[in-house]
Amino acid sequence: MKKIFLTLALIVGLSLTAAAQAKKAAPKDDIEELATLVNINPQLKTDFYTIVSIRKEAVAKAATAEEKKTMFDRYTTKMLSALTPDQKELLNKNQDLYKRLTTFSEK
């Protein structure tokens with residue numbers, strides 16, 4: 001009985017760890033998808049990774065939900081300002097990706 005319980009606990013623990021790692025990779029996947037969609041150069045892609053990382057830290061350090069949204073929006077604006085009008089138009093056409101990159105959700 002103990003072995004069954006320990007096995008179930010191990011399976012649940014591993015599945016939770018895998019799910020947490022998948023959530024951490026999501027912004028990276030979004031940047032990759034953006035790079036493919038709007039054809040950005042490698043340096044700009046690296047800059048976007050940096051902005052997303054800084055945005056995540058700023059949101060984590062903010063005390064209130066309002067401050068978190070403000071930080072998120074500030075860094076999102078910086079990221080989008082690096083795109084050309086044509087690139088922005090392509091991004092706007094892909095509403096799923098656009099929402100994932102630009103919509104704040106407190107998790």
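Student: What share of the contacts with a separation of 6 or more joins residues 24 or more positions apart in the protein chain?

Tutor: In this predicted model, residues 24 or more positions apart account for 58% of those contacts, where a contact requires heavy atoms within 4.5 Å.

Student: What makes the pattern of the protein chain α-α-α-α-α?

Tutor: The protein chain holds five helices and zero strands, and reading along the sequence therefore gives α-α-α-α-α.

Student: Which residues have the most contacts inside the largest nonpolar core, and which helices supply it?

Tutor: This core has 21 residues, and those with the most contacts inside it are Leu34, Ile40, Phe48, Met79, Leu83, Leu91 and Leu101. Helices H1 (2–38), H2 (42–61), H3 (65–81) and H5 (95–102) each supply at least two of its residues, while the largest share, six residues, comes from H2.

Student: Which residues does Leu83 touch, leaving aside those up to four places away in sequence?

Tutor: Leu83 touches Val38, Ile40, Phe48, Lys88 and Leu91, and each of these counts as touching because heavy atoms lie within 4.5 Å.

Student: How do you know that the buried residues of H5 line one face of the helix?

Tutor: Leu97, Leu101 and Thr102 are the buried residues in H5, and buried here means under 20% relative accessible area. Seen down the axis of H5, these buried residues fall within an arc of 110°, so they line one face of the helix.

Student: How much of the protein chain is buried, and what supplies the area that it exposes?

Tutor: Of its 107 residues, 26% count as buried, and the chain exposes about 7,800 Å², of which carbon and sulfur atoms supply 61%.

Methods. Residues numbered from 1 in each chain as written. Predicted model: local features only at pLDDT ≥ 70, side-chain atom pairs only at ≥ 80, totals over all residues. Heavy atoms only, no water. Core = buried A, V, L, I, M, F, W, Y, C linked by side-chain atoms within 4.5 Å. Buried < 20%, exposed > 50% of the residue type's maximum accessible area, 1.4 Å probe, protein only. Helix = DSSP H or I, 4+ residues; strand = E, 2+ residues; numbered from the N terminus. Arc of directions from axis to C-beta. Areas by Shrake-Rupley, 256 points an atom, 1.4 Å probe, with all protein chains shown as cover.
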